[in-house]
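Colleague: I have the structure open and would like to go through some of its helix packing and a few individual residues. Could you take me through them?

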Amino acid sequence: MKAILTCLILAFLLIFPVYAQDEFGDNLVNFPSGFTPNEVGKKLGDHFIQGKHLLYGNKWIHYAEVCTWYGALKYAEVAKDEKLIQALKEKFDQLLRNESNYLPPMNHVDLNMFGSLPLEFYKVTGDKKYLDLGLPYADSQWAVPPKDAPLQERVYAREGYSWQTRLWIDDMYMITILQVQAYRTTGDKKYLDRAAHEMVYYLGELQRTNGLFFHAPDVPFYWGRGNGWVAAGMCELLKVLPEDHPNKNTILTSYKTMMETLKEYQNMNGVWNQLIDKVDCWPETSGSAMFAYAMITGVKYGWLDKEAYTPVARNAWMGLVPYIAEKGDVKEVCIGTGKKNDEQYYYDRPRVTGDYHGQAPYLWCAYALLEICE
């Protein structure tokens, strides 16, 4: 019997090696070689420099590339990697000089969020050309549409929401990050109030009592990356919302409820499934990395109980890193996914390697883990 038990333990450790106790402990600061945020961030950041553009509709820079660029820049800032910062800046300036036809128009939520990237470059460099490029994307998101705009867009605008509102959970990051970045660079409270007002509306329409979110009101499935966008969006907003903001408690409560449920659905290898609540669905890395980012951030800012969530966040990171291929491409990433009221559709979504949807949140995790040490 003892021999059988020993074999079972050894088999478990072979399958789930990241759960074995080692000298690095159970924290978000010390990691074994190959798992440190500096190693991962550097590998993925340098890899991004060599990457080709991902275009939306074969025309404009895709939001997933924007998110990856932003993540690489944030990592480089925290890591004080001046060489990487300069390489990222040169890549962006090349876009502005010679590939300006790739700059997205300001007419869709997925396109407008591009503005969050030049605003980050403005924070890093102080060069006003980046501010002048980024702010119109934030302002146009709340500009009253022309008279020939669809009625629903004009209704949203009259009610103080973005005319680009569509009630897809992805928007809870796309809109939030742009408006928050505008606030961070200008200090103008109107951007903060916009983001909070929009967030509370989406929370009321899409969050269920268990804390998770439908992809859209008419799509009752807990899609992993979609929920990841929500988790990351709430974090970006909570970081800057003052304690006395009228929407702070509502957003913080929604965030905590979501994290509690996610904690229960985490797989033994540290990641989450493509459909969060379906045990027979496949593990998906991009959404899992977003959840890890949200939990790392929650522990850092004290929104989450440190004792309860540090092991969950650490296990997520330790489970995610082995999905990085040798050259820095993240594996098992769900491709771009629009809403569809068909559960099997989410099961059948193709899985790819190196997609920017996956590269981005890994970089967010890397810089968030480094921020823990500050």
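Modeller: Certainly. Helices α11 and α12 are oblique to each other, and their axes lie 10 Å apart at an angle of about 140°. Please keep in mind that this is a predicted model.

Colleague: Why is an angle of about 140° called oblique?

Modeller: Because only angles over 145 degrees count as roughly antiparallel, the pair α11 and α12 is classed as oblique.

Colleague: What is the hand of the crossing of α11 and α12?

Modeller: That crossing is left-handed.

Colleague: Which residues meet there, in α11 and in α12?

Modeller: From α11 the residues are N227, V230, A231, M234, C235, L237 and L238. They meet K248, I251, L252, S254, Y255, M258 and M259 of α12. Divided by class, the contact of α11 with α12 has 11 nonpolar, two polar and one charged residues.

Colleague: Let us stay in α11. Is E236 buried or exposed?

Modeller: E236, which is in helix α11, is buried, because its relative accessible area is 1% and the cut-off for buried is under 20%.

Colleague: What does E236 touch, beyond its neighbours within four places in sequence?

Modeller: E236 is in contact with Y70, Y173, I177, V180, R184, Y293 and Y367.

Colleague: And how far is E236 from M290?

Modeller: The two are 54 residues apart in sequence, and their C-alpha atoms are 12 Å apart in space.

Colleague: Y70 and Y173 caught my attention. Where do they sit in the packing of α3 with α9?

Modeller: Both take part in that contact. Helix α3 (residues 63-79) and helix α9 (residues 171-186) pack at about 45°, and their axes are 12 Å apart. That angle makes α3 oblique to α9, and the crossing is left-handed. On the α3 side the contact is made by Y63, C67 and Y70, and on the α9 side by Y173, M174, I177, Q181 and R184. Six of these residues are nonpolar, one is polar and one is charged.

Colleague: Now α6. At what angle does α6 cross α9?

Modeller: The axes of α6 (residues 116-125) and α9 cross at roughly 25° and come within 9 Å. The two helices are therefore roughly parallel to each other, and α6 passes α9 in a left-handed crossing.

Colleague: Which residues of α6 and α9 meet?

Modeller: S116, L119, E120, Y122 and K123 of α6 meet I177, L178, Q181, A182, R184 and T185 of α9. By class, five are nonpolar, three polar and three charged.

Colleague: Which residues of α6 are buried, and what covers them?

Modeller: S116, L117, P118, L119, E120 and F121 are buried. Their cover includes α3, α4 (82-98), α7 and α9. After α6 comes G126, which has a positive phi near 75°.

Colleague: Which residue that is not a glycine has a positive phi of about 55°?

Modeller: That is K80, which is in the loop between α3 and α4. K80 counts as exposed because its relative accessibility is 63%. E332 is not a glycine either, and has a positive phi of about 60°. Its place is the loop between α14 (306-320) and β5 (333-334), and E332 is partly exposed, with a relative accessible area of 26%.

Colleague: Let us turn to another loop residue. Where is Q141, and is Q141 buried or exposed?

Modeller: Q141 is in the loop between α7 (128-140) and α8 (151-158). Q141 counts as buried, at 0% relative accessibility.

Colleague: What does the side chain of Q141 join in a polar contact?

Modeller: The side chain of Q179, over a polar contact of 3.0 Å. Leaving out residues up to four places away in sequence, Q141 touches V109, N112, S162, W163, Q164, I175, L178 and Q179.

Colleague: One last residue. Is L370 buried or exposed?

Modeller: L370, in helix α16 (residues 356-372), is buried, with a relative accessible area of 13%. Apart from neighbours within four places in sequence, L370 is in contact with P37, N38, Y75, V78 and A79.

Colleague: And how far is L370 from E343?

Modeller: L370 and E343 are 27 residues apart in sequence and 38 Å apart in space, taken from C-alpha to C-alpha.

Key: Residues are numbered from 1 along each chain as its sequence is written. This is a predicted model: local features need pLDDT of at least 70, side-chain atom pairs count only at pLDDT 80 or more; totals for chains, interfaces and linings use all residues. Side-chain values use heavy atoms; hydrogens and water are left out. Axes are lines fitted to C-alpha atoms, for helices over the stretch in contact, and angles run from 0 to 180 degrees between N-to-C directions. Helices (H or I, at least four residues) and strands (E, at least two) are DSSP runs, numbered from the N terminus. Angles under 35 degrees count as roughly parallel, over 145 as roughly antiparallel, 65 to 115 as roughly perpendicular and the rest as oblique. A crossing is left-handed if the near helix is turned anticlockwise from the far one by less than a right angle, and right-handed if clockwise. Contact means heavy atoms within 4.5 Å. Ala, Val, Leu, Ile, Met, Phe, Trp, Tyr, Cys and Pro count as nonpolar, Asp, Glu, Lys and Arg as charged, and the others, Gly among them, as polar. Buried means under 20% relative accessible area, exposed over 50%, partly exposed in between (1.4 Å probe, protein chains only). A polar contact is a pair of N or O atoms within 3.5 Å; within protein, one must be able to donate a hydrogen and the other to accept it, and residues adjacent in sequence count only if both atoms are side-chain atoms.
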